[in-house]
Amino acid sequence: MPGRPALLRRSTPVAGPGSLALLLPLVLAAALAAAVPAARPAAATSPATGAVTGAKVIAETTVAPRTIDLTVQSPAMGAQEKVRLLVPSGWSKNATRTWPTLWLLHGGVDDYTAWTRGTDVAALTADSPVIVVMPEGGSCGNYSDWWNYGNGGPPEWETFHMKELRAILENGYRANGRRVIAGNSMGGLGAMLYPARFPGMFAAAAAFSGYVDTLYDYKPGDDSIGWGPSFSCPGTDWRRVWGAPDAQAAIWHAHNPTDLAGRLAGVRLYVASGNGTAGSLGGLPFTDPVEAAANDVSHAFVDRLDALGIPVTTRFFDGQHSWPYWQRDLHDAYPMLMRALGVS
């Protein structure tokens, strides 16, 4: 938060207990574990029904060296969705070996092309034996299956990613069961939310300017705010996502990484955020309110991890909500992510 010094630290266990549209919800607190799914096996079937997912790749396009775009017909989404892959040297769908995956999630008001468009991720990963998975996550999808006023149904981003796409990758694109995840802004929410909601799914997780305490500073009873500036995605009916903060409190609780922090024990964690002021990589001549807010929630999330005795590597710095800083964050977190995969 503004006024805190920049630092790079490794937290140790403690005794005792791009526009405002990129901001994610800052609302409510406390988790209902019963509302959170247990880890699911890497399979193409639903553990509830045993039925195949029905998702399938209907188009595959090579858009650059190592870069493949998939078009997936998704029952969970009720639509065709895009996924971008960066494949390693020697990869083929018919290879006898498999590769671990690095999932990179994009931020709000962006799409599956964000990381290759905004960073040098292709060059960074060129010599790494890893498949980089960059799925579409929606303008304001929040990496969640939407409540839809109690009706459920599409969009079901969590199901699309964690069940349908995972099965496609592991059954048809030579991905194995070793996974790590990272994301920026809204993608930072997803990068901590998925490992918490699916324990054992990811070996490491990194959030860059992420909204990792979605219930930060909420005042119960103030449903009128409608997430206010924190969720001002044009054309989005915000109540479709998790409902109203009080009336659907259980859903909100079950989608807050800070509330679910205890489920991240054993996952290697990295959290980075700027304080909103222009740093060494440039920026606006005034404090960026989006990054300043991300900084507040990142500190709150780290404080919760510390209280639980869960180690986390952190980097807080002068910087803003923009790609130059997220590229630097990815470079900084990358060695840890690769170590978690057993990749040199």
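Guide: Two residues are in contact when they have heavy atoms within 4.5 Å. This is a predicted model, and confidence comes before contacts in the reading.

Visitor: What is the mean pLDDT of the protein, and what share of its residues reach 70 or more?

Guide: The mean is 85, and 81% of the residues reach 70 or more.

Visitor: Over which residues does pLDDT stay under 50?

Guide: Where pLDDT is low, the predicted coordinates should not be read in detail. In this structure, one such stretch is residues 1–51, where pLDDT stays under 50. The model has 157 contacts beyond four places in sequence for that stretch. Residues 225–230 also stay under 50, and 15 contacts of that kind are present for them.

Visitor: Which residues touch the most other members of the largest nonpolar core?

Guide: A core of this sort is built from buried nonpolar residues joined through side-chain atoms within 4.5 Å. The largest one here has 57 residues, and Leu85, Met192 and Leu269 touch the most other members. Helix 4, residues 186–197, supplies the largest share of this core, with seven residues. Apart from this core lies another, of 30 residues, including Leu102, Ala182, Leu330 and Ala340.

Visitor: With which residues is Met192 in contact, leaving aside its neighbours within four places in sequence?

Guide: Met192 is in contact with Ala205, Ala206 and Ala207, with Val212 and Pro257, and with Leu264, Leu269, Tyr270, Val271 and Phe301.

Visitor: Val212 appears among those contacts. Is Val212 buried or exposed?

Guide: The general step is to compare relative accessible area with a cut-off: buried means under 20%. Val212 is at 0% relative accessibility, and therefore counts as buried. Val212 lies in the loop between strand 8 and helix 5 (239–242). Beyond four places in sequence, Val212 touches Gly188, Met192, Ala207, Asn256, Pro257, Thr258, Val297, Ser298 and Phe301. One of these partners, Asn256, is 44 residues from Val212 in sequence, with 6.9 Å between the two C-alpha atoms.

Visitor: How is a buried strand residue read, and where does Leu105 lie?

Guide: The reading takes the element, then the accessibility, then the partners. Leu105 lies in strand 5, residues 99–105, and is buried, at a relative accessible area of 0%. Across 82 residues of chain, the C-alpha atoms of Leu105 and Gly187 are separated by 4.6 Å. Not counting residues up to four places away in sequence, Leu105 touches Gly187 and a set of others, among them Trp115, Pro135, Tyr143, Ala182 and Tyr194.

Visitor: In which strand does Ala204 lie, and which residues does Ala204 touch?

Guide: Ala204 lies in strand 8, residues 204–208, and has a relative accessible area of 0%, so this residue is buried. The residues touched by Ala204, beyond four places in sequence, are Arg179, Val180, Ile181, Val267, Arg268, Met336, Leu337 and Ala340. The C-alpha atoms of Ala204 and Ile181 are 6.4 Å apart, while 23 residues separate the pair along the chain.

Visitor: Where is Thr277 placed, and which residues does Thr277 touch?

Guide: Thr277 is in the loop between strand 9 (268–274) and helix 7 (289–308). A relative accessible area of 29% makes Thr277 partly exposed. Thr277 touches Thr287, Asp318, Gly319 and Gln320, with residues up to four places away in sequence not counted.

Visitor: Which backbone features deserve inspection?

Guide: Positive phi in a residue other than glycine is one feature to look for, and a cis peptide bond is another. Arg66 has phi near 75° and sits in the loop between strand 2 (56–64) and strand 3 (67–74). Arg66 is partly exposed, at 23% relative accessible area. Tyr149 has a positive phi of about 55°, is found in the loop between strand 6 and helix 3, and is partly exposed at 46%. The cis peptide bond joins Pro154 and Pro155, with omega about 0°. Pro155 is in the loop between strand 6 (131–135) and helix 3 (157–172).

Visitor: What is the volume of the largest pocket, and which residues line it?

Guide: A pocket is read by its volume and then by its lining. The volume here is about 170 Å³. The lining residues are Asp145, Trp146, Trp147, Gly152, Gly153, Glu156, Glu158, Arg197, Val241, Ile251 and His255. By class, four of them are nonpolar, three polar and four charged.

Definitions and conventions:
Residues numbered from 1 in each chain as written. Predicted model: local features only at pLDDT ≥ 70, side-chain atom pairs only at ≥ 80, totals over all residues. Heavy atoms only, no water. 1 Å grid on protein atoms, 1.4 Å probe; cavity = no way out; pocket = protein on both sides within 12 Å on 5 of 7 lines; lining within 4 Å. Points joined across faces, edges and corners; volume = space filled by probe spheres on them. Nonpolar A, V, L, I, M, F, W, Y, C, P; charged D, E, K, R; others polar. Buried < 20%, exposed > 50% of the residue type's maximum accessible area, 1.4 Å probe, protein only. Helix = DSSP H or I, 4+ residues; strand = E, 2+ residues; numbered from the N terminus. pLDDT = per-residue confidence, 0-100.
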